[in-house]
Amino acid sequence: MRSFVAADFLTLGNASCGTGAIFFCLNYLEAGHSAFFLFGAFALLPLALLLDVADGAVARRLRRSSPYGADLDSLADVVSFGVAPAVLGFTLGLRGVWDAAVLCVFVCCGVSRLARFNVTAAALSEGTGKVKYYEGTPIPTSLAIVLVLAIAWWYGAIGDGLWFGRYELGPAHVHPLVALYAISGAAMVSRVRIPKP
């Protein structure tokens with residue numbers, strides 16, 4: 001940790017927010033569905049995004065980065081924008097076998113997207129050190145799903161009453177709302193080019 005720079009600590013803050021959101025979800029399930037815990041989970045994920053944006057801004061402003069920066073950023077993003085949104089969906093009622101399979105695939109798509117970015121970043125920057133575009137949607141776009149879940153929770157549409165209901169599909173059930181995770185995962189691993197700010 002002695003080689004870390006200021007931006008790396010912001011990245012660790014991002015990872016801590018994602019981890020805290022997961023812990024809040026677990027507490028929500030354990031403590032009889034206390035709204036306080038879900039509010040905490042919903043609040044920490046936008047904070048994780050702010051820290052994710054801030055770490056890059058601080059590194060550029062101070063012109064200091066560590067050799068760990070890019071990998072730390074990707075690992076933190078997997079926790080905060082991959083695992084935490086999936087756990088949040090599961091907490092709010094996406095608990096069918098098919099739901100769980102889609103949530104797992106969603107996380108794997110996020111991991112794959114970040115790995116692809118890390119491997120291709122040097123080639124995409126064409127020697128300038130700045131990547132001009134993303135391939136696939138960035139993993140923080142999963143916060144759009146978190147927003148939909150927050151609205152559903154606010155209006156009391158959780159559990160089997162989750163928007164669009166629950167349907168039997170073969171030997172298990174599925175909630176159509178889980179399609180948001182499938183679409184997001186597919187967009188992350190797509191070849192769509194998105195200009196990088």
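The legends below describe close-up views of a predicted model.

**View 1. The largest nonpolar core and the helices that supply it.** This core has 38 residues, and those with the most contacts inside it are Phe-42, Leu-88, Leu-149 and Tyr-181. At least two core residues come from each of helix H1 (6–30), helix H2 (35–62), helix H3 (69–91), helix H4 (97–125), helix H5 (143–154) and helix H6 (179–188). The most are given by H2, with eight residues. In soluble globular proteins, nonpolar side chains tend to be buried together.

**View 2. The surroundings of Phe-42 in the core.** Phe-42 is among the residues with the most contacts inside the largest nonpolar core. With residues up to four places away in sequence not counted, Phe-42 touches Leu-88, Leu-92, Val-146, Leu-149, Ala-150 and Trp-153. Of these partners, Leu-88 and Leu-149 are also listed among the residues with the most contacts inside the core.

**View 3. Ser-184 in helix H6.** Ser-184 has a relative accessibility of 11% and therefore counts as buried, the cut-off being under 20%. Apart from neighbours within four places in sequence, Ser-184 is in contact with Phe-106, Thr-137, Ser-142 and Ile-145.

**View 4. Ser-190 in the loop between H6 and strand E4 (193–195).** The relative accessible area of Ser-190 is 19%, so this residue is buried under the 20% cut-off. A polar atom of the Ser-190 side chain lies 2.8 Å from the backbone oxygen of Ala-187. Beyond neighbours within four places in sequence, Ser-190 is in contact with Arg-116, Glu-135 and Gly-136.

Methods: Residues are numbered from 1 along each chain as its sequence is written. This is a predicted model: local features need pLDDT of at least 70, side-chain atom pairs count only at pLDDT 80 or more; totals for chains, interfaces and linings use all residues. Side-chain values use heavy atoms; hydrogens and water are left out. A nonpolar core is a set of buried Ala, Val, Leu, Ile, Met, Phe, Trp, Tyr and Cys residues joined through side-chain atoms within 4.5 Å. Buried means under 20% relative accessible area, exposed over 50%, partly exposed in between (1.4 Å probe, protein chains only). Helices (H or I, at least four residues) and strands (E, at least two) are DSSP runs, numbered from the N terminus. Contact means heavy atoms within 4.5 Å. A polar contact is a pair of N or O atoms within 3.5 Å; within protein, one must be able to donate a hydrogen and the other to accept it, and residues adjacent in sequence count only if both atoms are side-chain atoms.
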